[in-house]
Amino acid sequence: MRFSEFQVDKIKQSANLYERICQHTTLRRAGRQYSGKCPFPDHDDRNASFVFDPIKNTFRCYSTECDRAGSIIDWMMEFEGFRSFLDCIRDLNGEELVQNIGQDNERKGPVYKRQKMEDRIAADQEKARAAGYRIFKAGHALSGSVAETYLRETRGLGDIGLPEAVLRFASDLPFWAEVRKGKFEVVHRGPALLAAFQYRDNRFAAVHQTWLKPDGSGKAEIVLDDGQQLPAKKIRGPFMGSSLRLGPPAPIMGLGEGIETCLSGMAHGLSCWAAGSLGNLVGRGWVHGIREPHPKRIGQRLPTTQPDFTSVRMDLPYRLRSAIILADSDSKDLDGLKAELERAVRRARCEGRSARILWPPLGMDMNDWIMKERRDAA
Ligand SMILES: [Zn+2]
């Protein structure tokens, strides 16, 4: 039996990928999606890089060293060891399913369903954006706060002008997490640094939240009852395609993933914008792009350096002619990161800008680097 693309889509959509993943890892709700530690045995994931998307019914590991993604079929073949596409379809009762497709009327057709899905996603995103805006609006001025202590003293950014319009402070911000399936609780509360993402038209997009220790001596440690440590950073709102504008638009600018990285670039006299995530910094790779073998990890491939020009990534100012991409040399997989950043360089060049990557000394991120410089000078 042969299956049409539409029939295969239908089979993929009906399969319970969530259940199958849950047998191997704990997924927690994170906004519209679920995330957890990557279940692939060759990936020792400590950061919950693995995401399940219930609307698309797909999975993706955001770790550069793993980078696995796909549908239920990909999951079955890569994780569960199914040998062929047809074996997967049979196991999913695909033949039975497609026999019922004919009964679908037009209102249940794929175009109608996709439109409904997109409407729902847009409504969810607008809700998250509004919630993020309320958090940011409720924040206080940075100056004199624990967040200022964190940036100026703990991060060694003492003398730079901090962008007060985009950075704010929350004195007692709750941190919500899914402690059991469907059960959300405030697992931590405390001071936090807030930062505003903006779209090209200046509109507020999302709030970046970094929870801090009460004295500002570092990031808060947020540990669940089962011992899992959660990252002390969260973004609320649809931030993809927007930027954290830490400095003014300029012909030469630094672009980086994190706020601390970019502020460290500013300490070097460079105006910087932050992307908030690697994905928003570099954009997606072309699906059919060439992926070179990983030089250190046998059997794995690097992310492609060929950009998908239609994919969303951070907004850049028109004035920007020359981009300096601020890398983290303390990444676990430098080869993977290098490939992703190369992709951002290629995309910038195709857009008529020059671009290059600035690597701090091995084992350091931008902030470690300026802290070291400061210690050496003292
Ligand atoms: Zn993984």
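Mentor: Helices here are DSSP runs of at least four residues and strands are runs of at least two, both numbered from the N terminus. The model is a predicted one. With these terms in hand, one may place a residue such as Ala48, which sits in the loop between strand S2 (33-36) and strand S3 (50-53).

Trainee: What is noteworthy about the phi of Ala48?

Mentor: Ala48 has a positive phi of about 50°, although it is not a glycine. A second case is Asp67, with a positive phi of about 60° and likewise not a glycine. Asp67 is found in the loop between strand S4 (58-61) and strand S5 (69-70).

Trainee: Is Ala48 buried or exposed?

Mentor: The reading rests on a count: a residue with 20 or more other C-beta atoms within 10 Å is buried, one with 12 or fewer is exposed, and the range in between is partly exposed. Ala48 has 22 other C-beta atoms within 10 Å and is therefore buried. Asp67 has 23 C-beta neighbours inside 10 Å, so this residue counts as buried too.

Trainee: How does Asp91 in helix H4 count, as buried, partly exposed or exposed?

Mentor: Asp91, which is found in helix H4 (residues 85-91), has 13 C-beta neighbours inside 10 Å and therefore counts as partly exposed. Its C-alpha atom is separated by 9.7 Å from that of Met76, 15 residues apart along the chain.

Trainee: How should one read a nonpolar core, and which residues of the largest one touch the most other members?

Mentor: In soluble globular proteins, nonpolar side chains tend to be buried together. In this model the largest nonpolar core has 57 residues, and Leu193, Leu194, Leu255 and Trp273 touch the most other members. Strand S7 (residues 183-198) gives the largest share of this core, six residues. Because domain 2 (139-236) and domain 3 (240-378) both give residues to this core, it lies between them. A second, separate core has 17 residues, among them Ile21, Tyr34, Ala48 and Met76.

Trainee: Which residues does Trp273 touch, leaving aside residues up to four places away in sequence?

Mentor: On that basis, the contacts of Trp273 are Ser243, Leu244, Arg245, Leu246, Met253, Leu255, Cys262 and Met314. Met314 and Leu255 also appear among the contacts of Leu281, together with Glu257, Ala275, Arg313 and Ala344, again not counting residues up to four places away. Leu281 lies in helix H9 (residues 278-282) and counts as buried because 23 C-beta neighbours lie inside 10 Å. The C-alpha atoms of Leu281 and Met314, 33 residues apart along the chain, are separated by 5.8 Å.

Trainee: Which domains does the assignment give?

Mentor: The domain assignment gives domain 1 (5-104), domain 2 (139-236) and domain 3 (240-378). Taken over C-alpha atoms, the centres of domain 2 and domain 3 are 22 Å apart. Their contact takes 16 residues from domain 2 and 19 residues from domain 3. On the side of domain 2 that touches domain 3, S7 and strand S8 (204-211) are the elements that give two or more residues. That side divides into eleven nonpolar, three polar and two charged residues.

Trainee: Where is Gly216 placed?

Mentor: Gly216 is in the loop between S8 and strand S9 (222-223). Gly216 counts as buried because it has 20 C-beta neighbours inside 10 Å. Beyond its neighbours within four places in sequence, Gly216 is in contact with Val146, Ala147, Thr149, Tyr150 and Thr154. Gly216 and Trp273 are 57 residues apart in sequence and 23 Å apart in space, C-alpha to C-alpha.

Trainee: At roughly what angle do the axes of helix H8 and H11 cross?

Mentor: A crossing is read from the axes, and angles from 65 to 115 degrees count as roughly perpendicular while those under 35 degrees count as roughly parallel. The axes of helix H8 (residues 259-267) and H11 come within 8 Å and cross at roughly 40°. H8 and H11 are therefore oblique to each other. In this contact, Glu260, Thr261, Ser264, Gly265 and Ala267 of H8 meet Met366, Asn367 and Ile370 of H11. The residues divide into three nonpolar, four polar and one charged.

Trainee: Which residues does Trp369 touch, not counting those up to four places away in sequence?

Mentor: Trp369, which lies in helix H11 (residues 366-377), touches Pro360, Pro361 and Met364 on that count. With 20 other C-beta atoms within 10 Å, Trp369 is buried.

Technical notes
Residues numbered from 1 in each chain as written. Predicted model: local features only at pLDDT ≥ 70, side-chain atom pairs only at ≥ 80, totals over all residues. Core = buried A, V, L, I, M, F, W, Y, C linked by C-beta atoms within 7 Å. Domains from an automatic or database assignment. Contact = placed C-beta atoms within 7 Å. Axes fitted to C-alpha atoms, helices over the stretch in contact; angles between N-to-C directions. Parallel < 35°, antiparallel > 145°, perpendicular 65-115°, else oblique. Nonpolar A, V, L, I, M, F, W, Y, C, P; charged D, E, K, R; others polar.
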